[in-house]
Amino acid sequence: MAGLTEAQVQDRIREEAKKALASGEVSAVVGWTSTRFEDKTKPYFAETEAECDLLVWNKYCINGTGKFALDDRYPEKKIAIIARGCDSRALNRMLRDKQLKRENLYIIGVVCDGKENAVCEGCQHKNPLTYDVLIGEPVEEQMNAERFKEIEAFEKLTPDQRYEYWAKQYDKCIHCYACRNACPACNCVECYADQYRTGWQGKAADREQNQVYGLTRAFHVGDRCIECGECERVCPMNLPIMRQTKKMLKDINDLFGDYECGLPDDAMPVLGTYKLEDPDEFM
Ligand code: SF4
Ligand code: SF4
């Protein structure tokens, strides 16, 4: 952590959390607290000053905090979120998708030092991008030259090989929706997958239904994915599902130039935009 030790950051988080609650404008502060396992923390809602002393900051603060803002989507008071770069991108995502109102959020930004999480190795935004108060000295942003390396290798496979790969992966899926629940881009009040009476989507964990779910999920979030890796991290069957959204992001970058989601000036998602002059030779 640039400038501050881990313990100092934790102290500052607790201090800012207490200040936020003491203002009377904030109902809860979302961060992390310890568990009975030394190498695990869990998300935590601190609602009193004493509970703020249970907030922790260490290399095991892995869960995204941003999505928890949706637990208080229509709050009477503001909700405060401890936000690293990825969490701030999650909040920007949900603000852009009009699932949250900025005036209902108090964002305690923390410059991140990387966590015990594979996705952090390729992180391009360790500094929070949107915040009300910042803890830590901003570090220089580093672009990840290998952002799409895995996808480039995958693109060398034939269509049959790719189908076989994904069919095997989705045969393992147990249709638990954990990937959807953890994803900040999956933020509809009611998910299409829960509207079982429409007949769009069954609940069975079989090849056909799993593939329909996987493809639909990828297309719903592919142009809005903030690359946080939460979908993959929470999948109990270890499906490499971030590859699907990464492939879509790579295609968007190839077609339209540099594109990242969850930045403060996030462009309109490509698949949510339509212009009369768009080429339509596929129609
Ligand atoms: S990496 Fe996964 S969880 Fe994160 S925004 Fe993208 S699809 Fe959602
Ligand atoms: S988290 Fe994994 S097992 Fe659960 S629905 Fe998503 S892909 Fe399937």
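In the predicted model, arginine 89 is in contact with His125, Leu129, Ile226, Glu227, Glu260, Cys261, Gly262 and Leu263, when its neighbours within four places in sequence are left aside. Arginine 89 belongs to helix α3, which spans residues 85–96. Its relative accessibility is 7%, and arginine 89 therefore counts as buried, the limit for this class being under 20% relative accessible area.

A second buried residue is asparagine 187, so classed because its relative accessibility is 4%. Asparagine 187 is located in the loop that runs between α6 (178–182) and α7. Residues up to four places away in sequence not being counted, asparagine 187 touches Leu70, Arg73, Arg93, Met94, Asp97, Gln99 and Arg224. With respect to arginine 147, asparagine 187 is separated by 40 residues in sequence, and the C-alpha to C-alpha separation of the two residues in space is 25 Å.

Ligand 1 occupies the second largest cavity of the model. The shell around ligand 1 comprises 13 residues, of which Cys183, Cys225, Cys228, Gly229 and Cys231 are the closest. By residue class, this shell consists of eight nonpolar, two polar and three charged residues. At least two residues of the shell are supplied by each of the helices α7 (207–221), α8 (230–234) and α9 (242–256). Helix α7 thus contributes to the surroundings of ligand 1 and also bounds the loop that holds asparagine 187.

Conventions: Residues are numbered from 1 along each chain as its sequence is written. Chains are lettered from A and ligands numbered from 1 in the order in which they are written. This is a predicted model: local features need pLDDT of at least 70, side-chain atom pairs count only at pLDDT 80 or more; totals for chains, interfaces and linings use all residues. Side-chain values use heavy atoms; hydrogens and water are left out. A residue is near a molecule or strand if one of its heavy atoms lies within 4 Å of it. On a 1 Å grid over the protein atoms alone, a cavity is a set of points where a 1.4 Å probe fits but cannot get out, and a pocket is an open set with protein on both sides within 12 Å along at least five of seven lines; lining residues have an atom within 4 Å of a point. A molecule sits in a cavity or pocket if more than half of its atoms lie within 2 Å of its grid points. Helices (H or I, at least four residues) and strands (E, at least two) are DSSP runs, numbered from the N terminus. Ala, Val, Leu, Ile, Met, Phe, Trp, Tyr, Cys and Pro count as nonpolar, Asp, Glu, Lys and Arg as charged, and the others, Gly among them, as polar. Buried means under 20% relative accessible area, exposed over 50%, partly exposed in between (1.4 Å probe, protein chains only). Contact means heavy atoms within 4.5 Å.
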